[in-house]
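Trainee: I should like to take a close look at the empty spaces in this model, both enclosed and open. Could you please describe them and the residues around them?

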Amino acid sequence: MPALLYTLGFLTLYLLAICTPWGQRAENALFGLGSEGSEDAWIYPLSGSAYGSTPLPPLELSAKPTLTVGLAVIVVLTLVRRCWWPGCAALGVVILTTGGNQVLKSTLPRPDLVGAPENLLDQGFPSGHTAIPAALTLAAVLVVSPRIRPYIATAGVLWLACIAAASATMGGHRPSEVLGATLLACACYGLATWLLPPGATRSTRALPVITLTVALAIALVSGARNDTLTRSLVSAATAFICAALVWYAAVGRPARRTRPALG
């Protein structure tokens, strides 16, 4: 089932990127490209790091308010549409993703296998800022009407592409941490859809080429830096993979069977 595949991908990513010397060297080398800090990132003025700037949700201090508002919207949609089982599953996706993210970040070890500088030893796997848009997007897909599901997924994927690229290019997270958060959200979503009671639902039609093309453009702009092309492209590629994973999980597979909304 998809949840198992995403979980295996999460574990494989952790083992290869964090528990091997060559994985650590590859990611640590990115921090040596360009200048220290995030001022050279194009998205820096929107990150909330600049004095007096308003962060793009859920960056910096906007993470908790973004999560709170997202949960409230899911609850309202569940009550309005009376889709009790999908609503519970959507809440479970967000809670398991964000809560599991914090637990894993504090429990998964990051062994120093290459003698890295002290500032590169902090545990950030998986990325909390990336987990929020990924989880909220997948949760929203569960509680909206099948007719508008592709458009909600599109908006969420574009948001995720921006945040994932920003998290990677500004030095707050390594590519593996950004990808890990996305795989965690997809695993929780796969588990939720597998547990939903059977029932008929309408198929959805998506526009994957348009959505992923725009997501790639957003990832390139959000991941761009003035001082290093390599780091910019790696950040953009990471964000694009995250967007593709969430799009495929949400609407890329054949339509699932869920209980129709009551009323």
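Mentor: The following account treats the enclosed cavities and then the open pockets. Please bear in mind that the model is predicted.

Let us begin with the enclosed spaces. The count comes to 2 cavities of 30 Å³ or more. The largest cavity has a volume of about 80 Å³. Its lining consists of A17, G23, Q24, E27, N28, R110, P111, D112, A116, L120, L121 and R174. Helix α2, which spans residues 21-31, supplies the largest share of this lining, namely 4 residues. Sorted by class, the lining of the largest cavity has 5 nonpolar, 3 polar and 4 charged residues.

The second largest cavity holds about 60 Å³ of space. Around this cavity stand L30, F31, A168, G171, H173, R174, P175, R231, V234 and S235. Two elements, α2 and α9 (229-252), each give two or more residues to that lining. The greatest contribution comes from α9, with 3 residues. By class, the lining of the second largest cavity divides into 5 nonpolar, 3 polar and 2 charged residues. R174 deserves attention, for this residue lines the largest cavity and also lines the second largest cavity.

We turn now to the open spaces. The largest pocket contains about 490 Å³ of space. This pocket is lined by 22 residues, and those nearest its centre are L59, E60, H129, S167 and H173. Four helices give two or more residues to the lining of the largest pocket: α3 (63-81), α4 (84-107), α5 (128-143) and α6 (149-169). In terms of class, that lining has 7 nonpolar, 12 polar and 3 charged residues.

The second largest pocket has a volume of about 370 Å³. Of the 19 residues that line it, F31, N119, L120, G171 and R231 are the closest to its centre. The lining of the second largest pocket has 4 nonpolar, 10 polar and 5 charged residues.

Finally, several residues link the two kinds of space. L120 lines the largest cavity and is among the residues closest to the centre of the second largest pocket. F31, G171 and R231 line the second largest cavity, and these residues also belong to those closest to the centre of the second largest pocket. H173, in turn, lines the second largest cavity and is one of the residues nearest the centre of the largest pocket.

Conventions
Residues are numbered from 1 along each chain as its sequence is written. This is a predicted model: local features need pLDDT of at least 70, side-chain atom pairs count only at pLDDT 80 or more; totals for chains, interfaces and linings use all residues. Side-chain values use heavy atoms; hydrogens and water are left out. On a 1 Å grid over the protein atoms alone, a cavity is a set of points where a 1.4 Å probe fits but cannot get out, and a pocket is an open set with protein on both sides within 12 Å along at least five of seven lines; lining residues have an atom within 4 Å of a point. Grid points are joined across faces, edges and corners, and a volume is the space filled by probe spheres set on the points. Ala, Val, Leu, Ile, Met, Phe, Trp, Tyr, Cys and Pro count as nonpolar, Asp, Glu, Lys and Arg as charged, and the others, Gly among them, as polar.
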